[in-house]
Amino acid sequence: MVGRRRLGRQFGWLWASYAVSAYGSGLGFGALPLIAVLVLHAGPAEVSALSAVGPAVGALIAVPLAPWVEFRRKRPVMIMMDVARFAAMATIPVAYAFGWLSFVQLLVVSAVVAAAKIAFNAASGAYLKALVRPDDLLVANARFESTNWSSIAVGPPLGGAAIGLFGPVTTVVADALSYLLSALGITAIRGQEEAPRTTDKSPVRAGALLDGWRHIMSHPGLRPLYLNQMLVAGLIMATEPLLAVLLLRQLGFPPWQYALAFAAPCLGGLIGSRLARRVVARFGRHWVFRTVGTLRAIWLIGLAFVSPGVIGLVTVMAVELAIIINMSLYSPVLATYRLEHTPKHLVARTLTAWSIGQQASIAVLTALAGLLADITSPRTALTVAGLLILTTPLLLPGQDQTSQHEPELSRSHS
């Protein structure tokens, strides 16, 4: 079983550090927009800007960071990014206590946290590839995936309760402290990390900024998976604000039902991630990409038919559960394939390019969906998103694309 596979003490510390920061982020989920509304009395345009502009700026900042991460030891980079996120988040409760908090500060914090997250994930992925055996990569990625979904299931409801009891910046403090604890956990990892090697005299050359995208777009398997992932993630995330308006404002759902509709289905992430290794062993990786990749896309249209009352609540929960089970099964398989098919000297840049592309797609599609909803209605925009995502399986790779280079990779791992 996936849960019983031992991956060593070093991986245990890395996993524990990830879990602490994931649960901290779960508690602080949506905290910055909430503070903007409750404390700064921001309007819809400002809240939308905070949700889109901050992460977009963070993605731009992450572009030049990618080569810097690539050619440095990854543990110090992860510690540095955790400390940077702690410091940025900690400025919010301090400014709030002294009455200095501003919308610009929230934007800056959002951008810094987004950039540091991309750099941390890139360093973490590269470190994971060096830390565990190739045969254990899927097990490791499945554990990260299950932790991520459980933190989303548990964190936001607890965070909402904490805000109600202790005030609007409570979860920001918890989120900030989680990054500090994560940094301490990574510091506890023992063992000498090998210094990255490069033949370039100046590794941070201009062309190095684009090497991750060059690798993705030139690889026959990664290219279609990347394009598919950008569209699927972008369209799914674009429905969240639309659904919030539809459920809370138009259909009159109470906030606790809205929170339940999204938190409870996240437990499905535990199911999918635990099944990943068994499903790959039985049906093969390509079957997961084609079949599960298609199943991720067919459920979203169901959100367009949400009605008031219990039936509507059950509809949302059923659709979200189906999507999350398939996503949590698909994602660790994708993450493992991506690491296996990326040379060691390109891992950080490839993961950064992947994150930036996905984040940019989410920002653009969310903005377009919001514009369409303003012109028409949230239900119409949900329908369009649900229909568009049905075309995304056409981008999934064929058997010949995902099976290329396997012999070379196997030899490189031996």
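# Exercises on pockets and helices

By class, 8 nonpolar, 4 polar and 9 charged residues make up the lining of the second largest pocket. Here Ala, Val, Leu, Ile, Met, Phe, Trp, Tyr, Cys and Pro count as nonpolar, Asp, Glu, Lys and Arg as charged, and the others, Gly among them, as polar. The model is predicted: local features need pLDDT of at least 70, side-chain atom pairs count only at pLDDT 80 or more, and totals for chains, interfaces and linings use all residues. Residues are numbered from 1 along each chain as its sequence is written, and side-chain values use heavy atoms, with hydrogens and water left out.

**Exercise 1.** Describe the second largest pocket and its lining.

*Solution.* Start with the term. A pocket is an open set of points on a 1 Å grid over the protein atoms alone, where a 1.4 Å probe fits, with protein on both sides within 12 Å along at least five of seven lines; lining residues have an atom within 4 Å of a point. Next, take the volume. The second largest pocket holds about 490 Å³ of space, counted as the space filled by probe spheres set on the points, which are joined across faces, edges and corners. Then list the lining. It has 21 residues, and Ala-126, Ala-130, Glu-193, Glu-194 and Lys-344 lie nearest the centre. Last, find the main contributor. Helix H5 (residues 103–131) gives the most, with 5 residues.

**Exercise 2.** Compare the span of H5 with its expected span, and say how enclosed H5 is.

*Solution.* Helices are DSSP runs (H or I, at least four residues), numbered from the N terminus. The expected span is 1.5 Å times one less than the number of residues. For the 29 residues of H5 that gives 42 Å, and the end C-alpha atoms are 41 Å apart, which agrees. Now count burial. Buried means under 20% relative accessible area, exposed over 50%, partly exposed in between (1.4 Å probe, protein chains only). In H5, 22 of the 29 residues are buried, so the helix is largely enclosed by the rest of the structure.

**Exercise 3.** Follow the chain through H4 and the loop after it.

*Solution.* H4 (residues 74–98) has 25 residues and reaches 37 Å from first C-alpha to last, close to the expected 36 Å. Its buried residues include Val-77, Met-81, Arg-85 and Ile-92. Gly-99 follows H4, with a positive phi near 75 degrees. Trp-100 sits in the loop between H4 and H5. Trp-100 is exposed, because its relative accessible area is 58%.

**Exercise 4.** Find where H6 bends.

*Solution.* Check the length. The 30 residues of H6 (residues 137–166) should span 44 Å, and the end C-alpha atoms are 41 Å apart, which agrees. Find the bend, the angle between axes fitted to the seven residues ending at a residue and the seven starting there. H6 bends by about 30 degrees at Gly-155, and Pro-156 follows within four residues. After H6 comes Gly-167, whose positive phi is near 110 degrees.

Terms used
Helix = DSSP H or I, 4+ residues; strand = E, 2+ residues; numbered from the N terminus.
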